[in-house]
Amino acid sequence: MTDMTPDDLAVSRSFAPARKRPWLTPALLGVLSFAVTSVSIQSAVERQAPILDSMEIQPVAAAASLAYAWGSPEDAAALERQVLALAERAHAPSSHARGEPDFDTLRKMDADMAKLKLAVLANAPASTFQALCAHATIRCTPYNLERLVEMVKKQRLVGTAATAGR
Amino acid sequence: MDGKPSFEHIFRLTGFHLGAAGAGFFVAAWIFAPKPRMPAAVSPRVAQILELRTQARAAASATTSLAPTTVVNAGVGTAGAPGAAHAASAVAGPPAAALARATELCTALAWPACDPDSVRAMGKLP
């Protein structure tokens with residue numbers, strides 16, 4: 001072991017790794033954390049939006065279903081129009097996780113049913129139903145259209161009840 | 001300063017890094033936190049229809065499932081007799097009140113069929 005002079009010590013100090021920017025790694029970590037958190041929040045919000053939209057339709061859809069079955073034609077039509085407006089609100093198409101229901105498609109199906117009910121209430125001609133069927137998301141073909149329209153007509157119970165009562 | 005970091009040095013460095021990560025998380029959460037959605041206000045008529053649905057359901061479920069119990073509770077004692085269910089719904093408190101309220105709402109809405117049978121049938125809708 002040799003004795004070290006102050007000059008030797010000064011030389012060894014200069015070889016120690018210099019920390020030129022001590023703030024650099026914490027700053028990078030902060031930025032990374034910010035980026036990961038914001039991307040996670042954005043994707044979660046995107047996935048939740050169609051679910052919340054569907055939930056928002058529920059009370060109006062429940063009222064519309066009762067009004068269509070038993071209510072006055074005016075109430076039924078007004079509520080079906082509300083359901084249609086809520087179901088057709090413009091949104092960017094969202095991706096749904098595997099195993100999760102596709103709420104966008106479900107809302108389109110709600111809109112299709114509302115359109116069919118409105119057509120029934122308005123006593124629309126067959127060509128209207130054919131046009132609705134052609135653009136429908138629900139399983140509707142020219143072969144089952146008649147059955148579908150009959151089913152929608154049967155859901156309006158107040159007409160049949162009044163007829164049966166006579 | 002020698003090359004070997006001290007405990008305090010490591011402690012401080014870790015603290016800075018954890019603090020920076022936490023700060024990034026909180027700033028992002030504060031900026032991008034989803035805003036609460038304000039659902040469209042339900043019109044008074046829709047609220048009335050929804051109440052009618054609830055009351056009709058209460059009336060319908062009472063007449064289908066609670067009728068025998070209601071007869072016993074009401075002290076009528078003629079559960080097996082013809083028309084016992086009707087007697088029960090007339091005597092029992094809550095189901096009769098639900099039916100009365102549903103009928104009242106239906107009449108207020110000026111719907112075409114507001115007789116008790118129709119109101120009970122409304123309650124059986126899915």
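Q: Where is the place of Pro95(B) in this predicted model?
A: The model is predicted. Chain B has 6 helices and 0 strands. The place of Pro95(B) is in one of these elements, helix 5 of chain B.

Q: Is Pro95(B) buried or exposed?
A: A residue is buried if 20 or more other C-beta atoms lie within 10 Å of its own. Pro95(B) has 22 other C-beta atoms within 10 Å, so Pro95(B) is buried.

Q: How far apart in space are Pro95(B) and Arg57(B), C-alpha to C-alpha?
A: In sequence, Pro95(B) and Arg57(B) are 38 residues apart. In space, the distance from C-alpha to C-alpha is 9.7 Å.

Q: What percentage of the residues of chain B count as buried?
A: From the N terminus on, the elements of chain B run α-α-α-α-α-α. Among contacts in this chain between residues at least 6 apart in sequence, 55% join residues at least 24 apart. Chain B has 126 residues, and the buried part of them is 24%.

Q: Which residue in the loop between helix 5 and helix 6 of chain B has a positive phi although it is not a glycine?
A: The loop lies between helix 5 (94-108) and helix 6 (116-123) of chain B. The residue in question has a phi of about 60°. It counts as exposed, with 11 C-beta neighbours inside 10 Å. The residue is Ala110(B).

Q: Is Asn123(A) buried or exposed?
A: In chain A, Asn123(A) has its place in the loop between helix 4 and helix 5. Asn123(A) is not a glycine, yet its phi is positive, at about 50°. A residue with 12 or fewer other C-beta atoms within 10 Å is exposed. Asn123(A) has 8 such atoms, so Asn123(A) is exposed.

Q: How far apart are the end C-alpha atoms of helix 4 of chain A?
A: Helix 4 of chain A covers residues 103-121, which is 19 residues. At 1.5 Å a residue, helix 4 should span 27 Å. The distance between its end C-alpha atoms agrees with this, at 27 Å.

Q: Which helices of chain A are included in what covers the buried residues of helix 4?
A: The buried residues of helix 4 of chain A include Asp104(A), Arg107(A), Met113(A), Leu116(A) and Val120(A). What covers the buried residues of this helix includes helix 2, helix 3 (73-87), helix 5 (126-134) and helix 6 (145-154) of chain A.

Q: Which helix of chain A gives the most to the side that touches chain B?
A: The contact takes 35 residues from chain A and 32 residues from chain B. On the chain A side, helix 2 (24-70) and helix 7 (157-165) each supply at least two residues. That side divides into 23 nonpolar, 9 polar and 3 charged residues. The helix that gives the most, with 25 residues, is helix 2.

Q: Why do helix 2 of chain A and helix 1 of chain B count as roughly parallel to each other?
A: The axes of helix 2 of chain A and helix 1 (residues 7-32) of chain B come within 7 Å and cross at roughly 30°. Angles under 35 degrees count as roughly parallel. The two helices are therefore roughly parallel to each other, at a crossing angle of roughly 30°.

Q: How many charged residues are in the contact of helix 2 of chain A with helix 1 of chain B?
A: Helix 2 of chain A passes helix 1 of chain B in a right-handed crossing. The residues of this contact divide into 16 nonpolar and 8 polar. As for charged residues, there are no such residues in the contact: the count is no charged.

Methods:
Residues are numbered from 1 along each chain as its sequence is written. Chains are lettered from A and ligands numbered from 1 in the order in which they are written. This is a predicted model: local features need pLDDT of at least 70, side-chain atom pairs count only at pLDDT 80 or more; totals for chains, interfaces and linings use all residues. Two residues are in contact if their C-beta atoms, placed from the backbone, lie within 7 Å. Helices (H or I, at least four residues) and strands (E, at least two) are DSSP runs, numbered from the N terminus. Ala, Val, Leu, Ile, Met, Phe, Trp, Tyr, Cys and Pro count as nonpolar, Asp, Glu, Lys and Arg as charged, and the others, Gly among them, as polar. Axes are lines fitted to C-alpha atoms, for helices over the stretch in contact, and angles run from 0 to 180 degrees between N-to-C directions. Angles under 35 degrees count as roughly parallel, over 145 as roughly antiparallel, 65 to 115 as roughly perpendicular and the rest as oblique. A crossing is left-handed if the near helix is turned anticlockwise from the far one by less than a right angle, and right-handed if clockwise. The expected span of a helix is 1.5 Å times one less than its number of residues.
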